[in-house]
Amino acid sequence: MRVYVPLTLPGLAEAHKTGELGTGPFVAYAVTPALREWYLSDDIEELEYAALSRAALASLRLLAADPGAVRRRVVVAVDVSDGAATADPGRGLDPAALGEVTVTGTVALAKAAAVHVDADDAEEDVTAAAQALEAADGGDDDAQFVVDETDDHELLWFATQEIPNLVDGV
């Protein structure tokens, strides 16, 4: 199963240093039954993009909690065994949990398929979105608009061999 792990650049640097994305349990995002139902598509590429987008939002939440982190969203795509990632059936179609899975066990960074990171030019919008996130969660439509602006920035694809360059100086 392909899962998308939300991180920050400091989190990616730590994973690079330790060789592990996490020792479990930790939250990631994947194509779950609830995500399929919400997205209303059978196209696996579209569904995986939706899961990646959910992970990017989770990365934004990590940035909001870490004001010192470089303002770029980071998502690591990694394949885990089917039993290693499970969705919580109790959360069903809860909008906050769409695509959310819990990964158990240790996941080696070496198993990553790719890393997705914002370009430098996204930092201003990501900074504004991280600052607006709490108000958006509280129902402020203007703040939600600011958060949604990050969707205009496609995460760039990087091979895992490029991780040292991504985290250099972080």
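Select G99 together with A28, Y29, A30, T32 and L35: G99 is in contact with these five, leaving aside its neighbours within four places in sequence (contact means heavy atoms within 4.5 Å). The model is a predicted one, in which local features need pLDDT of at least 70 and side-chain atom pairs count only at pLDDT 80 or more, while totals for chains, interfaces and linings use all residues. Residues are numbered from 1 along each chain as its sequence is written, and side-chain values use heavy atoms, with hydrogens and water left out.

Stay with G99, which sits in the loop between β5 (85-86) and β6. Helices (H or I, at least four residues) and strands (E, at least two) are DSSP runs, numbered from the N terminus. G99 counts as buried because its relative accessibility is 1%; buried means under 20% relative accessible area, exposed over 50%, and partly exposed in between, with a 1.4 Å probe and protein chains only. Add A55 to the selection: 44 residues separate A55 from G99 along the chain, and their C-alpha atoms are 8.6 Å apart.

Next, select V76. Its contacts, not counting residues up to four places away in sequence, are V3, Y4, V5, L7, L12, L21, L109, A112, A114 and V115. V76 is also one of the residues with the most contacts inside the largest nonpolar core, along with V3, V5, L12, L21, V103 and V115. That core has 28 residues. A nonpolar core is a set of buried Ala, Val, Leu, Ile, Met, Phe, Trp, Tyr and Cys residues joined through side-chain atoms within 4.5 Å.

To colour this core by element, pick β1 (2-7), α1 (9-18), β3 (26-29), β4 (74-79), β6 (100-103), β8 (112-117) and α6 (163-167), each of which gives it two or more residues. Which element gives the most to this core? It is α1, with four residues. Apart from this core lies another, of 14 residues, including Y4, L35, A50 and V75.

While α1 is in view, select G11, which is in that helix. G11 counts as partly exposed because its relative accessibility is 23%. Measure from G11 to A51 in the viewer: the C-alpha atoms are separated by 20 Å, with the two residues 40 apart along the chain.

Now turn to the largest pocket, with a volume of about 690 Å³. Of its 31 lining residues, select S53, R54, A56, L57 and D151, the closest to its centre. On a 1 Å grid over the protein atoms alone, a pocket is an open set of points where a 1.4 Å probe fits, with protein on both sides within 12 Å along at least five of seven lines, and lining residues have an atom within 4 Å of a point. The points are joined across faces, edges and corners, and the volume is the space filled by probe spheres set on them.

The elements that give two or more residues to the lining are α2 (33-39), α3 (44-65), α4 (123-137), α5 (141-148) and β9 (156-158). Among these, α3 gives the most, with 10 residues. By class, the lining has 19 nonpolar, five polar and seven charged residues. Here Ala, Val, Leu, Ile, Met, Phe, Trp, Tyr, Cys and Pro count as nonpolar, Asp, Glu, Lys and Arg as charged, and the others, Gly among them, as polar.

Select A65, which lies in helix α3. A65 is exposed, because its relative accessible area is 64%. A65 and Q131 are 66 residues apart in sequence and 9.7 Å apart in space, C-alpha to C-alpha.

Then select D142 in helix α5. D142 counts as exposed at 62% relative accessibility. Its C-alpha atom is 8.8 Å from that of A132, 10 residues away along the chain.

Last, select W38 and Y39, which form a tilted aromatic pair, 6.1 Å centre to centre with 50° between the planes. Rings of Phe, Tyr and Trp (its six-membered ring) pair if their centres lie within 6.5 Å; planes under 30 degrees apart count as stacked, over 60 as edge-to-face and the rest as tilted. W38 is partly exposed at 46% relative accessibility, and Y39 is partly exposed at 32% relative accessible area.
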